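I sat down today to look up a few places in a two-chain model. My notes follow the order in which I looked.

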Amino acid sequence: MDNLNPTQDSLVSVHNLTFSRGERKIFDDISLEFERGKITAIMGPSGTGKTTLLKIIGGQLFPAQGSVTVNGRDVHHLKRDELYTLRKRMGMLFQSGALLTDMNVFDNVAYPVREHTHLPESMIRSLVLMKLEAVGLRGARNLMPNELSGGMARRVALARAIALDPMMIMYDEPFTGQDPISMGALVLLIKSLNTTLGLTSIIVSHDVYETAAIADYIYVLSEGKVVGQGTPEQIKHSSSEWVQQFMNGAADGPVHFHYPAKEYMDDLLHSEKSFQPLFSRQRPPSDRNAKRKRYS
Amino acid sequence: MEFFHYLGATTRASFTKLGRSSFFLISILAGISSVCVRPRLLLKQLHSVGVLSFLIITISGLFVGMVLGLQGFYLLSRFGAEETLGVMVATSLVRELGPVVAALLFAGRAGSALTAEIGLMKATEQLSGMEMMAIDPIKRIISPRFLAGFLSMPLLAALFSAVGIIGGQVVGTGLLGVDDGAYWSQMQANLDFRGDIINGVIKSIVFGFVTSWIALFEGYDAIPTAEGVSRATTRTVVNSAFSILGLDFILTALMFGDN
């Protein structure tokens, strides 16, 4: 594993974070730093808790151990009002866009501004149109969320996320399920917004090439641990087999292609002997533990 | 042994859910003050929860009243007491059928819609999105819906009873020949404002409170998947029906136990 130290000028710091869901440890004593004004990517296969990490940073989930500081403030020790004040400066782009379905595009972008400020409607209009112009959707202001494509919905959500001029934005899988044109537009948009608005960006993604193209620093997570970190170039030349398999998309390697099972021939030649009741509440013990062993 | 394990786990899960729903109710009630500052949120929900239930309540009330008129006439005419049909129809509706049937219909029409809406908002991350925008979804989404349900229910129950009484009159006096004056005057003379009407209103207020609480909690607590929302919607209708009928028995015993 590469072992590089990021600079000390971090906007977000995650220290010795441990988080579990039931018996499964999602994060096991991990520490991450997100530098101001940079794009930092969290990468890893599905199910490694990347979205969970964003929810922990945003104060929506509480860790079992460790701390998260944003702009010098411990997110999980803030009072509700203080947390909400901090969140006004933290934009988040959800994978689905999370647009309010009973409002049109304009009202969705105006929503946080109307809720948190007392600006006159004429000023809100100008502000919203500027944000929509930045994402290229000023002409779509009257459309409803169900009339938007996936890529457009994410761009509207991005305009909403920057409506209150936040200091940082967290992107949850921004490239998933996008066609090449939408993906290219989003990649450019994230990069240009980061530069022009001086934002700090955290991108959670498993789209290797798109993310590596714009990220300044990358953390690769697996099984609750940081298995690789560094600049895109350093990650590319990482000595870790796991990181190489992930970055190159190899079907087999440290992460096995096959789900754990007994020997193939043995399985084919011998039928299941144990009787399983039709409405059994419990799966056989071998199945119950299989998921945990997946990457062992 | 496994049975006891299952029993213990189920009991524990039920009490945990009861605790969660109680905390949820406290947050809803705490959020009501912010609804008063933004009356437009409430007006929108009063339309969707109350006004849109108008049709089903009116039509159902009419038919229930007509059936009461028919059955009441057949029964009362055996004793030559068909003149008291108005009292029988009105008492049945105002005391019992109005609040109870209107609440059951409300749970099926508006309660299930509330659960599905909140559950889908959760599944599509709209509630999380609001939280990340520093906007409390309880105050902006849940409390206005709760207040709208709570306020709509007594009005809908009153509408149900009023239309039912007219339905009983149409059948009783229009088709079966009961004297129109007797229908109304007997009703006016024998129906007690405090004992019958106010008690019926109290019932509908309680049912509105419980049904809205169940519907919103089930939506908010739903597993954010298609199956999870579907199950939550079913639970809303089933639990609301049990609660309405169980509470009706308790309230009836408390209100009319002395008679």
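These entries cover strands in chain A, then a helix in chain B.

**Entry 1: the model.** I am working from a predicted model. I keep that in mind throughout.

**Entry 2: the open sheet in chain A.** I looked up the strand order first. The sheet is open, has four strands in the order 2-1-4-5, and pairs antiparallel. Strand 2 (24-35) and strand 5 (73-74) of chain A are the edges, each pairing on one side only. I then checked how strand 1 (residues 10-21) of chain A meets strand 2 of chain A: eight bridges, antiparallel. For one register point I took Val12(A), whose bridge partner in strand 2 of chain A is Phe34(A). Helix 1 (residues 50-57) of chain A packs on this sheet. That helix touches strand 1, strand 2 and strand 4 (65-70) of chain A, and its direction makes about 120 degrees with that of strand 1 of chain A.

**Entry 3: Thr40(A).** Is Thr40(A) buried or exposed? I found a relative accessibility of 1%, so Thr40(A) counts as buried, the cut-off being under 20%. Thr40(A) sits in strand 3 (residues 39-43) of chain A. I listed its contacts beyond four places in sequence; among them are Glu33(A), Phe34(A) and Glu35(A). Ser201(A), Ile202(A), Ile203(A), Tyr217(A) and Tyr219(A) also touch Thr40(A).

**Entry 4: the hairpin in chain A.** Strand 9 (residues 217-222) and strand 10 of chain A run antiparallel, joined by five bridges. I noted Ser222(A) opposite Lys225(A). Two residues lie between the strands of this hairpin. In the turn, Glu223(A) has a positive phi of about 50 degrees. How many residues of strand 10 (residues 225-230) of chain A are buried? I get five of six, which leaves the strand mostly covered.

**Entry 5: helix 8 of chain B.** I compared two residues here. Ile202(B) belongs to helix 8 (residues 193-221) of chain B, and Val210(B) is in helix 8 of chain B too. Ile202(B) is partly exposed, at 36% relative accessible area. Val210(B) is buried, at 13% relative accessibility. Beyond four places in sequence, Val210(B) contacts Ser243(B) and Leu247(B). I also took a C-alpha distance: Val210(B) and Asn239(B) are 9.8 Å apart, with 29 residues of sequence separation.

**Entry 6: the patch.** Ile202(B) is part of a nonpolar surface patch. The other members are Phe193(B), Ile197(B), Ile198(B), Val201(B) and Ile205(B). Together they have about 450 Å² of accessible area, Ile202(B) included.

How values were computed:
Residues are numbered from 1 along each chain as its sequence is written. Chains are lettered from A and ligands numbered from 1 in the order in which they are written. This is a predicted model: local features need pLDDT of at least 70, side-chain atom pairs count only at pLDDT 80 or more; totals for chains, interfaces and linings use all residues. Side-chain values use heavy atoms; hydrogens and water are left out. Patches are made of residues with over 30% relative accessible area and no salt bridge: like charges are joined within 9 Å, nonpolar side chains (Val, Leu, Ile, Met, Phe, Trp, Tyr) within 5 Å. Accessible areas come from the Shrake-Rupley method with a 1.4 Å probe; for residues, only the protein chains shown count as cover. A salt bridge is a side-chain nitrogen of Lys or Arg within 4 Å of a carboxyl oxygen of Asp or Glu. Buried means under 20% relative accessible area, exposed over 50%, partly exposed in between (1.4 Å probe, protein chains only). Contact means heavy atoms within 4.5 Å. Two strands pair if DSSP finds at least two bridges between them. Axes are lines fitted to C-alpha atoms, for helices over the stretch in contact, and angles run from 0 to 180 degrees between N-to-C directions.
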